[in-house]
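Reader: I would like to see how the descriptive terms for this model follow from their cut-offs. Please go through them one at a time.

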Amino acid sequence: MKISDLPATPLAALRKGGVIPAHPLALDANRRLDERRQRALSRYYLDAGCIGLAVAVHTTQFEIRDHGLLEPVLSLAVEEASAHASSPFMVAGAVGRTDQAVREAELARSMGYHAVLLSLAAMKEASVDDLIDHCRAVADVIPVVGFYLQTAVGGQALPYAFWRRFAEIENVVAIKMAPFNRYRTLDVVRAVIDARAEDRITLYTGNDDHIVSDLMTKFTFKRDGAPVSVRIKGGLLGHWSVWTRRAVELIEEIHERPESRNASEWLELDARTTDANGVLFDVANDFAGCIACLHEVLRRQGLLEGTWCLNPNETMGPGQMEELDRICRDYPELNDDAFVAANLKRWLNG
């Protein structure tokens with residue numbers, strides 16, 4: 001499947017830009033898939049105004065592959081997306097070395113997904129040539145969303161030379177930039193411009209420490225002596241798996257009313273968002289409590305029954321609960337509790 005084969009409506013939504021949350025995994029107290037709440041989460045995100053869903057990614061827990069849950073979880077999300085009027089852009093995570101990543105790409109294509117978010121974490125020792133061959137093999141199956149994952153959670157530093165060649169792969173439809181590093185983010189943007197791929201590759205932020213600023217910045221580089229500018233159009237973020245309606249409103253404000261705040265006010269919002277993310281992602285404990293804390297937010301809203309993860313040792317970090325209380329108290333404008341409360345019964349009973 002090529003980019004040209006993608007349905008017009010979801011592709012147009014991706015190009016325009018918006019919110020793509022990294023979909024969590026709903027489990028019951030026995031750590032079994034809670035299908036009712038898994039569906040409710042998808043309904044929440046789609047009704048909140050998300051332009052797509054990213055499933056079987058880090059926030060969904062990579063361990064789903066070891067528990068026979070990859071296909072069921074992918075299926076539930078695509079069923080809810082197919083029933084929704086918005087025709088969202090559906091992204092499935094693909095991981096592992098080439099054989100596994102290709103199999104997961106083939107599965108995603110067979111289930112109606114539009115692209116895969118391709119993790120290179122299993123290829124840390126590979127050369128640039130080998131990485132490009134790996135990416136081309138997956139792109140031969142389905143459009144690819146590139147993924148620059150920060151080194152603190154298993155990614156590797158990828159040079160400009162890699163991103164320049166990656167951007168030349170014709171079936172790359174977008175790139176999620178999440179190195180949590182300004183220099184490396186700029187490498188990706190410059191590579192896309194130098195490859196003359198800015199119209200084909202839509203840029204999304206995954207830099208949870210810099211969300212608002214990424215979305216507000218116009219990136220300009222010289223090509224053939226003339227300036228070429230691009231914008232990051234949206235975010236594919238674990239952070240946006242909670243308080244999602246507020247994220248959608250943020251994107252709408254940036255796209256439609258950027259003059260609604262002055263530069264100082266936008267930077268202030270960026271700082272508040274980063275502070276909240278530091279708590280949600282458990283930066284104080286090297287990200288150990290990230291998924292469990294996102295679950296806790298959803299539990300408090302009633303979307304999840306508990307914070308259980310497939311790995312029983314994956315829990316909130318020391319002091320994280322108190323810090324969550326702090327950001328909920330200090331930044332009430334960031335939550336969407338009222339939106340969830342007004343719709344929760346409908347999402348759960350569908």
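The exchange below takes aromatic pairs, burial, charges over rings and two helices in turn.

Author: This is a predicted model, in which local features need pLDDT of at least 70 and side-chain atom pairs count only at pLDDT 80 or more, while totals for chains, interfaces and linings use all residues. Residues are numbered from 1 along each chain as its sequence is written, and side-chain values use heavy atoms, with hydrogens and water left out.

Reader: Why is the pair of Tyr-44 and Tyr-45 called tilted?
Author: Rings of Phe, Tyr and Trp (its six-membered ring) pair if their centres lie within 6.5 Å; planes under 30 degrees apart are stacked, over 60 edge-to-face, and the rest tilted. By this rule there are 9 aromatic pairs. Tyr-44 and Tyr-45 have ring centres 4.9 Å apart and planes at 35 degrees, so the pair is tilted.

Reader: What makes Tyr-44 and Phe-339 an aromatic pair?
Author: Their centres are 6.4 Å apart, and with 40 degrees between the planes this pair is tilted. Tyr-44 is in helix 2 (residues 35-48) and Phe-339 in helix 13 (residues 337-349), 295 residues apart, and the pair links distant parts of the chain. Helices here are DSSP runs (H or I, at least four residues), as are strands (E, at least two), numbered from the N terminus. Tyr-44, Tyr-45, Phe-339 and Trp-347 form one aromatic cluster.

Reader: How do you know whether Tyr-44 is buried or exposed?
Author: Buried means under 20% relative accessible area, exposed over 50%, and partly exposed in between (1.4 Å probe, protein chains only). Tyr-44 has 0% relative accessibility, so it counts as buried. Tyr-45, also at 0%, counts as buried, whereas Phe-339 at 22% is partly exposed.

Reader: What makes Arg-190 sit over the ring of Tyr-160?
Author: The term requires NZ of Lys or CZ of Arg within 6 Å of the ring centre and within 35 degrees of the ring normal. The charged end of Arg-190 is 3.9 Å from the centre of the Tyr-160 ring. Arg-261 lies over the face of Trp-266, 5.1 Å from the ring centre.

Reader: How do you know that the span of helix 13 agrees with 1.5 Å a residue?
Author: The expected span is 1.5 Å times one less than the number of residues. For the 13 residues of helix 13 that gives 18 Å, and the end C-alpha atoms are 19 Å apart, which agrees. Helix 13 nevertheless has a kink of about 55 degrees centred on Asn-343, where the bend is the angle between axes fitted to the seven residues ending there and the seven starting there. Gly-350, with a positive phi near 30 degrees, follows helix 13.
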